[in-house]
Amino acid sequence: MRTSRHHGFRLTTAAVLLVFTATPHGAWGWGKTGHAVVADIAEAHLTPKAEVEIRRLLAVEGAHHMADIASWADDAKRDQLPGSPSHTIRLPIDGSAAGPHPCPGHFCADDALTRYGAELADTSLPDAQREIALKYIVHLVGDLHQPLHGTNATGQMPVVFRGKTMSLHAMWDNGIIDVHGGSAEKIASAVMKTEHVMPPQGAPIDWALEDLYIAQHNIYNEVPLNPTTPVILGLDYATEKWPIVELRLNEGGLRLADLLNRLIG
């Protein structure tokens with residue numbers, strides 16, 4: 001159980017690179033570390049009122065920080081919890097349409113955030129229901145900043161990195177973060193100390209469109225969509241892509257904080 005938290009670094013402006021990718025219903029978003037980083041960054045930027053209410057709701061299950069529950073939605077999905085939403089918005093990788101997007105049960109991540117946002121903000125609902133809404137919000141905002149969660153090119157093809165075979169999606173979920181190294185708290189602290197452009201809040205579909213752009217221009221420009229053999233990634237692939245991951249973790253955390261502050265702060 002975590003016993004510490006970060007206290008506010010307000011990010012200043014500087015030039016930063018934008019880049020993005022995609023994921024489907026069957027793929028997982030950030031791994032546990034990535035989701036915890038997003039949660040830690042968000043927690044450091046909560047208003048006092050939002051922080052108090054979130055801590056009260058987390059106590060329903062004995063949690064202390066949002067990072068403690070940041071990956072709960074993946075467990076619910078894995079256990080096929082009835083009514084679980086998609087964790088993605090699957091926009092066509094060819095950019096052919098940015099309109100209606102298919103999701104299992106027609107319950108995409110953007111629709112889910114609308115529903116769970118309303119539930120979290122409704123203080124007449126039971127705490128247990130609002131806590132579940134919080135768990136979904138923390139997770140889904142994070143997922144919509146993993147580049148492969150904004151497109152139908154989900155990255156399930158095998159790649160080889162430093163002699164290890166994995167999916168391209170797994171490389172972006174965990175591999176790049178693992179190579180960078182450090183605990184979620186240390187990564188979050190370092191990210192918050194780095195100068196970034198403050199992102200516009202936008203809407204979930206905007207975040208997915210950012211993902212789509214990254215997928216098109218920073219992922220699938222190097223990896224073919226339908227390779228016949230596993231793609232061998234360069235030895236420096238993770239290092240080269242870390243600035244993209246760092247940017248998305250930061251944006252996800254700041255946008256999550258903004259959303260929670262507007263809902264309950």
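Here is a short chat about how some labels in this predicted model are earned.

User: How do you know that β1 and β2 are paired strands?

Analyst: Two strands pair if there are at least two bridges between them. Strand β1 (residues 158–161) is joined to β2 by 4 bridges, and the two run antiparallel, so they pass the cut-off. One of the bridges links V160 to T165 in β2.

User: And what makes β1 and β3 a pair?

Analyst: Here there are 2 bridges, in the parallel sense. At least two are needed, so this counts as a pair too. V160 turns up again: in β3, its bridge partner is I232.

User: Why are β2 and β3 said to stand at the edges?

Analyst: The open sheet has 3 strands in the order β2-β1-β3, with mixed pairing. β2 (164–167) and β3 (231–232) each have a single partner strand, so one side of each has no neighbour in the sheet.

User: What packs on that sheet?

Analyst: Helix α6 (residues 168–180) does, touching β1 and β2. Its direction makes about 125° with that of β2.

User: Why are α6 and α9 called roughly perpendicular?

Analyst: Their packing angle is about 95°. Angles of 65 to 115 degrees count as roughly perpendicular, so the label fits. The axes of α6 and α9 (residues 237–264) are 9 Å apart.

User: Which residues make that contact, and how do they split by class?

Analyst: Among them are W172 and I176 of α6 and W242 and V245 of α9. By class, the contact has 12 nonpolar, 1 polar and 1 charged residues. H180 of α6 is the polar one, because His is not on the nonpolar or charged list. K241 of α9 is the charged one, because Lys counts as charged.

Notes. Residues numbered from 1 in each chain as written. Predicted model: local features only at pLDDT ≥ 70, side-chain atom pairs only at ≥ 80, totals over all residues. Heavy atoms only, no water. Contact = heavy atoms within 4.5 Å. Axes fitted to C-alpha atoms, helices over the stretch in contact; angles between N-to-C directions.
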